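Here are a few short exercises to work through with the model open beside you. Try each task before you read its solution.

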Amino acid sequence: MQIDIAGKVREKKIANNNVLLPLYEAVVNSIHAIEDAKVEKGIIEIELIRLNQEEFAYENLQKLPPIIDFHIKDNGIGFDEKNFESFNFAHSSYKMDRGGKGIGRITWLRAFDKAIIESQFKEGGLYKKRTFTFEPTKQGIENLKVSNIDKKEGFWSTIVILKNLKKEYRKWCNNNVEDIAFKIIEHCFLFFLNPKCPRIVLKDNKEHIVVNDYFSSYTRKAIDKKPFNIGINEFNIDIIRVYNLKSNNKVHLLAHKREVSNFPISEIVPEIPNYFTDEENDKFSVVMYVSGNYFDENVNEERTEIIFDNEDNSLFDDKVTHSILKDTIGKVIRKSFEEQLKKYSKKKIDRIRDFTISHPRYRHLLKYKLQDVLAISNSIDDSKLEIELFKIQQKLELEVLNETKLELQDIANKEQKINDNLYEKVLDVGNAKLSEYVLHRKQVLDLLELNLRKENGIYTKEEAIHNLIFPLRKTSDDIFLEEHNLWVIDDRLSFHDYLASDKTFKSNKRVPSVSTKETDLMIFNRAHLLTDEQKPYSSIIIIEFKRPMRNDYTNSENPINQINTYVRELIDNKVFDKNGRLFDIKDKTPIYAYIVCDLTSNMRKFAEEQGFTVLPDNDGYFNYNRNYYLYTEIISFDKLIRDSKNRNKVLFEKLHLPTC
């Protein structure tokens, strides 16, 4: 059977995060060639060739040009007849005992235009030289030449040139020589543990890196091996401290000593910190390499994926699913870093406690959902932390709801009392929400007080205060209940039928008027459900806000006259109910008006000239117009805030919030 190499190359693409796979395959081939040659000092040299390399002055270059070629040289056994015959056959079993799939070289052509091979070897006592190109053609091997040579030419046995990295992969290829060194270590980690590992040198113009030295420097030989079993399958975890701040806490799955895939440790141990600190106060991350016969036997031919047992198949005790593997590795990690994780868990709990001071609705999660809280990653910021806490909160609320339903069913059937623990949990969850809302009220009142102060010699405009109480140019159909703060004026205003903010009479869908006059707020209150009256509204409310400390009202700008004009507009026109039917409000529908302002001398003069009665605390006025069924109250900002604080005083005190 023959294999169409061009067709094989077209079968799959290399993933963007695995562009260096062809390089890894070439490096492992060189390691095997050196093992076969049994040389004392194996050397592999990898030279990086960049686009237009000769045109760039590397010393002054901020951004390196992309890599287009890799030259891999080794002093191994070379492409003798056995190795060349193996190379000629896709799916060759020649190196099966070392994990050879006979397919690795296909990845060369998926990422590069071609590979150029030049190799010298000794066979039958004679030196020979073989050169050829490996290209995406039907045969694959082109330009083959074999010749006898008198003696070995130079030091290298084999040179493999991976030529012209395809443009779609260049931007995904690691471009920094140190990063490439670290990637080679990650992929070939178990090879580096062997004292006979060849010396691997990376060359990038004038920069040379010995990858083995990086391995020793980053790991500092801090390696711990932990065996574990899943059923009859035996695995090993090599746990390494990596002293490189570019490294992340990761688990690498290996097949035949090579990396197949990896995932962050935080997926299985979310509380793990970004870095640990050793006895000398040096930072390190944790990297784990997991190996075992199961991986060797179940890796795909491209060596990019482990084929795990089906998660739903529960017939076999020795099955290895991805989730079982992760759970087992997680247990090993927790046991290996038990003391450190305890310390970081305590830090997390302290952080959550500090966070709940300003977000009290989540305070009870440490009591009922501690494990879920500990599972939150240590590396997230406060905004993402709140999202995670909110998810746990929703989960708890759903649990409480379901538990309560079941408990109530039991009570109804058995006439027993509600479970004390459930009762406490219901109270805690409910109080947590109330605490958050109470804190919100305190913050709103603080912000309102702040808006009443001068800034740069100027008082805040009334729009800022208006917007704080209810968003400008919105209606109650546009916003959620918690998006307004009408409770500052009166808690009863929160529950209404319809509200229009900063809308003209003409644009108010409850008023059939063509007037362009606009009220700050117009509220239509619901009629009581149990009343026999046919009125669609129990009352209509108008609210006007004025700029703090305003004292320059003209007679035409008199706020009391403004209110009377608005009420006249309502009375002269009918209003629509919520079903769009006209209703005459003249028939004793009460109208309430609030003017929220500072009681400057000008404002007091208007109130007293129009017969308003001063309130006992001297911080406001009221009046009732029998002809309009209109009750008008002038409320000072000071009184507004003071009265609101008094109404919320008990709630504030429960949270130990200051009321003044």
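A residue counts as buried under 20% relative accessible area, exposed over 50%, and partly exposed in between (1.4 Å probe, protein chains only). This is a predicted model, in which local features need pLDDT of at least 70, side-chain atom pairs count only at pLDDT 80 or more, and totals for chains, interfaces and linings use all residues. Residues are numbered from 1 along each chain as its sequence is written, and side-chain values use heavy atoms, with hydrogens and water left out.

**Exercise 1.** Classify glycine 231 as buried, partly exposed or exposed, and place it in the chain.

*Solution.* Start with the accessibility: glycine 231 has a relative accessible area of 45%, so it is partly exposed. Next, find its position: glycine 231 lies in the loop between β9 (223-230) and β10 (233-242). Strands (E, at least two residues) and helices (H or I, at least four) are DSSP runs, numbered from the N terminus. Finally, look across the chain: the C-alpha atom of lysine 319, 88 residues apart along the chain, is 6.9 Å from that of glycine 231.

**Exercise 2.** Compare the settings of lysine 38 and asparagine 143.

*Solution.* Begin with the backbone. Lysine 38 has a positive phi of about 55° although it is not a glycine, and asparagine 143, also not a glycine, has a positive phi of about 60°. Now locate them: lysine 38 sits in the loop between α2 and β1 (43-50), whereas asparagine 143 belongs to strand β5. Last, check accessibility: lysine 38 is exposed at 71%, and asparagine 143 is exposed at 53%.

**Exercise 3.** Which residues of helix α3 (residues 81-88) are buried, and how are they arranged around its axis?

*Solution.* First list them: Asn83, Phe84, Ser86 and Phe87 are buried. Viewed down the axis of α3, these residues fall within an arc of 160°, so they line one face of the helix. The arc is that of the directions from the helix axis to the C-beta atoms. Then look for the cover, which includes α4 (106-111), β4 (126-134) and β5 (141-149). Contact here means heavy atoms within 4.5 Å.

**Exercise 4.** How many helices and strands does the protein chain have, and what percentage of its residues is buried?

*Solution.* Count the elements: the protein chain has 20 helices and 23 strands. Then turn to burial: buried residues make up 49% of the 660 residues.
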